[in-house]
2 protein chains.
Amino acid sequence: MSDKFISERNLKFLLFDVFDAASLTQYPYYEEHNREIFDMVLETAMKIGKDLLRPNLEEMDKNPPEFVDGEVRVHPSMKAFLKECGEGGWIDSNAPMEAGGQQLPLTIAFACRFIFSAANYSAMVYPLLTDGAAHLIEALGTEDLKETYLPKMYSAEWQGTMALTEAQAGSSIGDVTTVAAPMEEGYYKIRGQKIFISASDHDAVENVVHLMLGRIEGAPPGVKGISLFVVPKKRYNDNGELVPNDVHIAGLYHKLGYRGSPITQMSMGENDDCRGWLVGGPNKGLAGMFQMMNEQRIDVGLGASGIASAAYYEALEYSKERPQGRPLSSKDPSKPQVPIIEHPDVKRMLLFQRAIVEGSLSLLFQCAKFADLEIVTTGEEKEKNSLLLDLLTPIAKSYPAEMGILSVSQGLQCLGGYGYCDEFPLEQHYRDVRIHPIHEGTTGIQGQDLLGRKVRIKEGKAFKLYLEEVRKTIGAANDFPELLPFASALENSLEKLEKVTKYLLDLGENESAEVFLADATLYLELFGIISVAWQWLVQGLFIQKGLNDNPSGSEEGFLHGKFMTLRFFFAYELPKIEGLVQRLINSDGLTVEMKMEYFSD
Amino acid sequence: MSDKFISERNLKFLLFDVFDAASLTQYPYYEEHNREIFDMVLETAMKIGKDLLRPNLEEMDKNPPEFVDGEVRVHPSMKAFLKECGEGGWIDSNAPMEAGGQQLPLTIAFACRFIFSAANYSAMVYPLLTDGAAHLIEALGTEDLKETYLPKMYSAEWQGTMALTEAQAGSSIGDVTTVAAPMEEGYYKIRGQKIFISASDHDAVENVVHLMLGRIEGAPPGVKGISLFVVPKKRYNDNGELVPNDVHIAGLYHKLGYRGSPITQMSMGENDDCRGWLVGGPNKGLAGMFQMMNEQRIDVGLGASGIASAAYYEALEYSKERPQGRPLSSKDPSKPQVPIIEHPDVKRMLLFQRAIVEGSLSLLFQCAKFADLEIVTTGEEKEKNSLLLDLLTPIAKSYPAEMGILSVSQGLQCLGGYGYCDEFPLEQHYRDVRIHPIHEGTTGIQGQDLLGRKVRIKEGKAFKLYLEEVRKTIGAANDFPELLPFASALENSLEKLEKVTKYLLDLGENESAEVFLADATLYLELFGIISVAWQWLVQGLFIQKGLNDNPSGSEEGFLHGKFMTLRFFFAYELPKIEGLVQRLINSDGLTVEMKMEYFSD
């Protein structure tokens, strides 16, 4: 296994050059922090990644969680890792200080999550879910709930989960049927079943706290009748002792990858003694869920980029070390073979991976920056940051997820037959990364969110702001002669995006919702490619600034390598929009027209 | 698991309408056959697929081969299957009758291989390898070798293999170092190691016959010094008893998928007692290997399409049965949920799979038809069939392989979380199909074969013939008003292909081989998309003929479904050439320019 799983140099380039995380400390909210603290946080995260996470990557895959006597046993290393997460303050790192957090910018927290995901995605999911669930209690819970749950969750003694999915209600959240009967004591009696719940039971923690979607008896049908509850595995009795809360694990799923993390089916209230506590108002569950979900969606993007990063460095190391074949223009068999990295086709596969990993990561940091600025800005500026984050969320989830799969697959391909065998971790990365277009809302759902909702928010305000933001980058790039062709290609693409968007929105006015959204997944793909091209141009500004300073040694290599990767993205990836534009601008409802009986043979 | 894994209706449509396999029986070589025989063969193949192969699909994955006491144990069902292969004449089905075969057209043999691959790809590989090895002995071996090996191989009592790869020589075949020392007795003493050898040892057969690449002592370096040998696991001694031939299995690989088939490392001559017999002349091994390899390459395409077919029908069944969500234009939550197949985005995913599976299969049958015609034609016509088969081989290998992965991935996606779990076979199909861009020459190698060799054969004669062939289809399509837009789109694409090809060949004249071939993989992709668009138009001719006959019932549904899939391919897949053309026509040697040290961070 390669020692390297992320580029620290690139991470710092993005954090401190491109997105200038240190500048956030000028705002009172972040003034307790400074660059040195950020560096220390990153250094610690790297240490945890190297020492606690990466060494267990393969073992956790080969020894997945077991279901024994109604309880889930996970890899023993998770205890030490969660202890570290609690003691090191990793769960609440970006929560406000008044809530017991460290008020760390999300930009920095994201960098750490990226490191953890690259080191061992399955392990990363445990604290991440606790983090998301805790944030929701912190934002919407009563003081009582906060007191009871947050300290235990922030210390990682208790696991948090997001318990949404039910067998009959996967992507159709409004069809949740878990029932909550209000009791005089103030709690609800919960009855129902959930499926596909990550980290929903395991022996590395004392208790599990489910943030659960349910329906108060008599609530209206659909999403308007959904409420959110805290449903712990164990609750306190009157003596302050933890007792079972009638939550039962029915079984574990056996998965293609992402095996270190247990995913279960669970049932609540088999003995009519499962208690839940309302979070947010009755029938207001959807909004709360989306707060948690939106965070998790971007985390999915981080997870996918992390895995793709690890796969890339694995493929890179192999390609540098593996001799095979000779240069195409001098095939003399009596000469020694060359490392495969010297073959242009292998360099193409490596550049592809790097372009995806570093481009995705840039987009994710862009989102984090908007989120951080949303907290510290006001008025128009705050709205702008909020709208841009909203708009980019489905893209920041899906682009890294979908392209991450292709990226890891190219990594595997670099190793040939060895990539297909378990002597190298590529085949595991390939299995692990496949989860990302599925969980926290499939790619199809993200496409509908983007086209059906996000580009139409406030009469297209988010979309307009996006165009402005990208054009700001194009404007800045025009100051660098080396960037002119890329600035011009991006402007050209942006005009196509505007044209397609207008065409589709018009279609939405004149045709059924089915026809309007039939190709929303392709629109998402188009938007994703252009957004990552934008991010490469954003990086280009700082690459060129760096190169203008006449760097030497490894710094020169790094910046030239980045610039070649930028060129690669514009040469090989951006042109993919042409086919998408051609299809989208000719949307004819073909798939709507297709009848079910035509599939009969 | 879905009952259906292939469409028999579509198979017959391709075989008997589109490619008119029955017309082959007009040639003396095939005159012993007729449509009834073909139908019977197909029916038997379906029965074997259903009864002997498919029931063991998951079990063979969960219980992969084991290495016990130096020997490989495979799933017990392989014995019964290989017995059936021998008794039913499946190994030698398309071999000439004088060689003990049935002289079945390859078109029909391919259909059977497709059925077997779809039912259980790992199992299919056993007879397929024997078939390839036997054909080679039959074509190039001495009478002695034929007598010794062919009956046992055709009866499937002995396994055949293709033993090429060595640790230091994967894609670089010329670096094979297995040594063959000529002995006075007429055999060679073999010494060396091989890796990644499929079906190279197992307990379902009595003996294994390796077709092995090696190097006669003193042979020139590189591919010019490579010879081909028959190296059995056991050889006959003077008493006609089978005795060990000093071939040892060093271990098994643990693979991502394709687990039912054992892949081993082996060593020959540890005790200086491994004998091999030359096949073809000394140092003439490459030509023989390519005969075997070219057959296997097309079989890889069949294997990938087979797996993609099984995955498609799995996804289709699930999509028809799984209720989830409501129509986008009437989301009333009090109404029942609809099967997900009613969502346009799910239909898009299903149409994509169908377009890939049926388009690939058509291309594979097109190749089979050229191969069958090559046998029975003479002069110019024979050369034409031969050149077109050569040209299309890398495409028929790679398009189904690469697109098969995406197709299965979309099948998995249709099932959401369930697709990621082993309750359904999608996750296995996803693992299984990933082998295909790797074995029998990676996609990168196929690209170089296509652009570096095939389009240049005989001053571009194969390429010219290809253009003529496609334009013949375009001409015929112009007789059907419904096909006009597709005929015109294909003509347009063909002109782009010509332009790109000319551009690249010019580049080849003026630049280094590295620059010329740097984007050969993209060229292969471009050529593949256009070739499958061609095949959809070929099918379109017969779809329209069928529709003009006013069909009813399921036949009408089948033909309309096919036509919608044709439309889908032209609307969603063919436009993907735009981005590829844009890149290829701007080939600038970017990946050649990229330096190794730029990858250092």
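**Figure 1. Surroundings of Y523(B) in the predicted model.** Y523(B) touches L450(B), L451(B), V455(B) and F463(B). Its contacts also take in L497(B), V500(B), T501(B), L504(B) and L584(B). Residues up to four places away in sequence are left out of this list.

**Figure 2. The largest nonpolar core.** This core has 421 residues. Those with the most contacts inside the core are Y466(A), Y523(A), Y466(B) and Y523(B). Y523(B), the centre of the previous view, is thus shown again here as one of these four.

**Figure 3. I37(B) and its separation from Y466(B).** I37(B) sits in helix 2 of chain B, residues 35-53. Its relative accessibility is 26%, so I37(B) counts as partly exposed. The cut-offs behind this class are 20% and 50%. Y466(B) is 429 residues away from I37(B) along the chain. Their C-alpha atoms are separated by 32 Å.

**Figure 4. S587(A) in its loop.** The loop runs between helix 17 (577-584) and helix 18 (590-593) of chain A. S587(A) counts as buried because its relative accessibility is 9%, and the class requires a value under 20%. The side chain of S587(A) makes a polar contact with the side chain of D519(A), at 3.3 Å. D519(A) also appears among the contacts of S587(A), together with Y503(A), L504(A) and L507(A). That list sets aside neighbours within four places in sequence.

**Figure 5. The interface of chain A and chain B.** On chain A, 98 residues are in contact with 98 residues of chain B. The area buried between the two chains is about 8900 Å². Carbon and sulfur atoms give 59% of that area. In chain A, Y420(A), F599(A) and D601(A) lose the most area to chain B. Together these three account for 11% of what that side buries.

**Figure 6. Polar links across the interface, with the salt bridge of D175(A) and R326(B).** The side chains of D175(A) and R326(B) meet at 2.6 Å, N to O. Across the interface of chain A and chain B, the rule finds eight salt bridges. It also finds 53 residue pairs in polar contact, both residues at pLDDT 80 or more. Helix 16 of chain A, residues 553-573, supplies the largest share of the side of chain A that touches chain B: nine residues. By class, that side has 44 nonpolar, 28 polar and 26 charged residues.

Terms used
Residues numbered from 1 in each chain as written. Chains lettered and ligands numbered in written order. Predicted model: local features only at pLDDT ≥ 70, side-chain atom pairs only at ≥ 80, totals over all residues. Heavy atoms only, no water. Contact = heavy atoms within 4.5 Å. Buried area = accessible area lost by both parts, 1.4 Å probe. Salt bridge = Lys/Arg side-chain N within 4 Å of Asp/Glu carboxyl O. Polar contact = N/O pair within 3.5 Å; in protein donor to acceptor, adjacent residues only side chain to side chain. Helix = DSSP H or I, 4+ residues; strand = E, 2+ residues; numbered from the N terminus. Nonpolar A, V, L, I, M, F, W, Y, C, P; charged D, E, K, R; others polar. Core = buried A, V, L, I, M, F, W, Y, C linked by side-chain atoms within 4.5 Å. Buried < 20%, exposed > 50% of the residue type's maximum accessible area, 1.4 Å probe, protein only.
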